[in-house]
Amino acid sequence: MTAAESVAFLWGATTGAHQTEGNNTMSDWWQRETSPGSPLPSPSGDAADSYHRWREDMDLVADSGLTDYRFGIEWARIEPADGFISLAEVDHYRRMVAGAFERGLRPMPTLFHFTVPAWFAASGGWHRDDAVPRFLRYVEAILPVLSDGVERVETINEPNIYAVLASSSRPGDGSLSRGLPVPDPQLSAKMIAAHDAVRDFLRDRLPQIQSGWGISVQDYQAAEGAEDVFHDYVWPRDEVFLEASKGDDWVGIQTYTRGVIGKVDGLPQPLINDRSPVTQTGWEDYPRALGGALKRAADVLGGVPLIVTENGIATDDDERRIAFTEAALQSLWEAKADGVNVAGYFHWSLLDNYEWGTFGPRFGLVSVDRVTFQRTAKPSLAWLGAKAKERLDEH
Ligand code: BGC
């Protein structure tokens, strides 16, 4: 049994740096949002002001009964100008890690969640020849944050969606269930190289850390008669990333919906199911996608521990959020009973936040007043915390 398997199930909530911190002014996304004629409906602005209010966020997680908190470290803050490492920002994230432990929470930092420093993007971004070593320099700069007792690190959030962004407008635009474009193969390869490099670097420098990345894995299902082309559809979209994770300590699974893949003119094509209810992001409301995604991932990964690092629903109806999560968790327990090695569940998201161009879709267990930034827990937060307590007591 590996160390990751022997710990208690992880019960957490998740946020992402750019989506909650606010004023991430040195990042490429900020530039995109604020440039004249930006196609993005709304800039992130102050977002949820978590940069200042992270203590309140962590209090909410800890008080609910959840035991784990996944949040982002922002490269654009750590290295706002090429070669300048802000020690003050390194200290900021050290305080966050210490703050999590003070509240009895296990912190899981994410090192890259769609945003990079503006200077890096302007000079070619991940297409630069030295992109991976430059990313590693940032990771080296934050070793003091990670060495303060952190047990798990998510190196990269959804490398496959990031590689799709090159050919699509923004995440959350409904494309997950209308058919995901093919990720850019060059960027996919770069993401895999970056993840491998960080994993190896952390194994060398901080061997106590278990690293993984969070892959967007939806419950793709083959329609009757499309079985022979199904693999062609899933391979570039997520399976190539799962395959690349076989040597990882754990693999993060980030699931929201399903996609039924049919065959049209001999080619795989998503079938649109117009009868099912959709969520605020336009995705089919299909909570059992979680179990399906876990099983498909386990078919590739065997016994490598899987951690659900994102799962949730965009809705204003919190009862619907609870029902969705209940059904998603039920499908997770069934997958576990079938032998899938699931080591944890993190809900997306702790907060209503910035959804890459809009504040419209609300995924939060907690709402945030857009003017005062006051947090108000929705009933789903206490509900999920109680689930965690119940299950942890059972084991
Ligand atoms: C991303 C989040 C996003 C969420 C819901 C995932 O693609 O990691 O940044 O907010 O899904 O759209």
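This passage describes the ligand site, two helices and some unusual backbone geometry in a predicted model.

The model is predicted, so to speak of local features a pLDDT of at least 70 is needed, side-chain atom pairs count only at pLDDT 80 or more, and totals for chains, interfaces and linings use all residues. Residues are numbered from 1 along each chain as its sequence is written, and side-chain values use heavy atoms, with hydrogens and water left out.

The ligand is a good place to start. Around it are 13 residues, of which Q19, H113, E158, E310 and E355 come nearest (near: a heavy atom within 4 Å of the molecule). By class, this shell holds 6 nonpolar, 4 polar and 3 charged residues; Ala, Val, Leu, Ile, Met, Phe, Trp, Tyr, Cys and Pro count as nonpolar, Asp, Glu, Lys and Arg as charged, and the others, Gly among them, as polar. Polar side-chain atoms approach ligand oxygen atoms at 2.5 Å for E355, 2.9 Å for E310 and 3.0 Å for W356. On its own the ligand has 310 Å² of accessible area, and the protein covers 97% of this (Shrake-Rupley method, 1.4 Å probe).

Helix α14 spans residues 289-301 (helices are DSSP runs of H or I with at least four residues, strands runs of E with at least two, numbered from the N terminus). Its end C-alpha atoms are 18 Å apart, which agrees with the 18 Å expected for 13 residues, where the expected span is 1.5 Å times one less than the number of residues. The helix is mostly covered, with 10 of its 13 residues buried (buried: under 20% relative accessible area; exposed: over 50%; partly exposed: in between; 1.4 Å probe, protein chains only). Among the buried residues are R296, L290 and G291. Just after α14, G302 takes a positive phi of about 60°.

In helix α4 (residues 50-64) sits S64, which counts as buried because its relative accessibility is 8%. Leaving aside neighbours within four places in sequence, S64 is in contact with L381, G385, A386 and K389 (contact: heavy atoms within 4.5 Å).

Two residues that are not glycines also have a positive phi: A47, at about 45°, and D265, at about 50°. A47 lies in the loop between α3 (28-34) and α4 and is buried, with a relative accessible area of 4%. D265, in the loop between β8 (258-264) and β9 (267-271), counts as exposed at 76% relative accessibility. Finally, a cis peptide bond joins W348 and S349, with omega about 5°.

Notes. A polar contact is a pair of N or O atoms within 3.5 Å; within protein, one must be able to donate a hydrogen and the other to accept it, and residues adjacent in sequence count only if both atoms are side-chain atoms.
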